[in-house]
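Work through the following exercises with the sequence and the 3D structure open side by side. Each one sets a task and is followed by a solution in steps.

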Amino acid sequence: MPESLLAGERFRIGYALAPRSVSSFIQDSLLVYAEKRGVDLIPIDLEKPLIEQGPFDSIFHKLYDAEWKKQLEEFSLENPTAIIVDPIESIEKLHNRVSMLDAVKQLKIENLEIPLQAFVDSNESLQDGIDNQGMKFPLIAKAVIANATADAHQMSLVLNRDGLNGIKTPIVLQEFVNHGGVIFKVYVAGDHVKCVKRKSLGDITEEKLENSENLIPFSLISYFADNEQSDESLAKLMEAAVMPPSSFVNEVSKQLRRALKLHLFNFDMIRDNRDGNRYQIIDINYFPGYAKVPEYEQMLTPCFLDLAHQKRSKETANIDHEADSNGHKTQEADSNGHKLDN
């Protein structure tokens, strides 16, 4: 795929983001890098109707309310070849942790799975939910709703049955798997993928399970497991962590993108300590903070250019369709005229 558009061509992307998302996505380095390659990133004024703004070849957004959804639908009707990144109905599937990982089950990839988990809607059924799924302690308690709110990121580590007494339902309980204290964050932007490794919760031994609190909020977990590491030991841990094979990461990303029907997302993946070749996807997020990825401009801009070529293909297809329709009408007119002459 070309690294820029043809001379004189411009691809105009309108973006509609909350202020917090703007700072984590639209940075000067991205604006300059994209502009040099024919892509203009233009803020959408949320105080004005979308249909009155533009022109836009594509819309990038991270808004979900009913009014915005209506505006996107109106824009799409008026601009059928414009590309919306991404459809709200596809995004909403990632806002519910009960169904978030369902797409992973559709993938046909060996050595990839999701952790055991259970949705529990009442405190009385907490233990039954765990037993029905065959889950073992420790567990991670996560909010059902996964969005940009503070509550959505509140998580706790449940070490034993007594820890369930501090849980508020409804909740999603996910079995914790020892994974060497390292998590792999895979960022996806269309066909372009980058995997980075980050510090995670350290492994939990049987001894620590027996000599620990019953329930620990993640915000207070720095003293637990292997998290009391010096900067030097942490650096050694991260350096020693072997990245998953790039072919594996790319295939997972490709299949997951198709299953989710999304362009922009990331997923958290861990390597199961019980089997070094087995991985679990534990979380998926829409439109993550790409600016955290080294040289993210060089990942996102090719995605923009792919969309530009995709839009051009849609426009060409529309022109060909109109030409075929007009040609068919001309043939019908000639045929009718021939019959009249006879």
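**Exercise 1: Arg278 and its partner**

At 24% relative accessibility, Arg278 counts as partly exposed, and this value, like the others here, comes from a predicted model. Find the acidic residue with which the side chain of Arg278 meets in a salt bridge, and state which parts of the chain the pair ties together.

*Solution.* Begin with the class of Arg278: partly exposed covers the range between the limit for buried, under 20%, and the limit for exposed, over 50%, and 24% falls in that range. Next, look for the partner, which is Glu113, with an N to O distance of 3.6 Å. Arg278 sits in the loop between β13 (264-271) and β14 (279-286), whereas Glu113 belongs to strand β5 (residues 112-113), so the salt bridge ties together parts that are 165 residues apart in sequence. Glu113 is itself partly exposed, at 27% relative accessibility. Finally, extend the search around the pair: Glu113 and Arg278 are linked with Asp272 and Arg274 in a network of salt bridges.

**Exercise 2: Two further salt bridges**

Determine which residues form salt bridges with Lys185 and with Asp191, and decide whether Asp268 is buried or exposed.

*Solution.* Take Lys185 to begin with: its side chain meets that of Asp268 in a salt bridge of 2.9 Å, N to O. This pair links distant parts of the chain, since Lys185 is in strand β10 (residues 182-189) and Asp268 in strand β13, 83 residues apart. Asp268 has a relative accessible area of 7% and is therefore buried. Turning to Asp191, the salt bridge is with Arg257, and the closest N and O atoms are 2.7 Å apart. Here the loop between β10 and β11 (192-199), which holds Asp191, is linked to helix α9, which holds Arg257, across 66 residues. Asp191 counts as exposed at 60% relative accessibility, while Arg257 counts as partly exposed at 21%.

**Exercise 3: A residue of helix α9**

Locate Gln255 and identify the side chain with which its own side chain makes a polar contact.

*Solution.* Gln255 is found in helix α9 (residues 246-260). Its relative accessible area is 17%, so Gln255 is buried. The contact partner is the side chain of Glu251, at 2.8 Å.

**Exercise 4: A charged patch**

Which helix gives the largest share of the negative patch?

*Solution.* List the members of this surface patch of negative charge: Asp65, Glu67, Glu73, Glu74, Glu78, Glu89 and Glu92. Helix α3 (residues 66-78) contributes the largest share, four residues. Glu74 lies in this helix and is partly exposed, with a relative accessible area of 35%.

Conventions
Residues numbered from 1 in each chain as written. Predicted model: local features only at pLDDT ≥ 70, side-chain atom pairs only at ≥ 80, totals over all residues. Heavy atoms only, no water. Patch = residues over 30% accessible without salt bridge, like charges linked within 9 Å, V, L, I, M, F, W, Y side chains within 5 Å. Areas by Shrake-Rupley, 256 points an atom, 1.4 Å probe, with all protein chains shown as cover. Salt bridge = Lys/Arg side-chain N within 4 Å of Asp/Glu carboxyl O. Lys, Arg positive; Asp, Glu negative; His and termini not counted. Charge placed at Lys NZ, Arg CZ, Asp CG, Glu CD. Helix = DSSP H or I, 4+ residues; strand = E, 2+ residues; numbered from the N terminus. Buried < 20%, exposed > 50% of the residue type's maximum accessible area, 1.4 Å probe, protein only. Polar contact = N/O pair within 3.5 Å; in protein donor to acceptor, adjacent residues only side chain to side chain.
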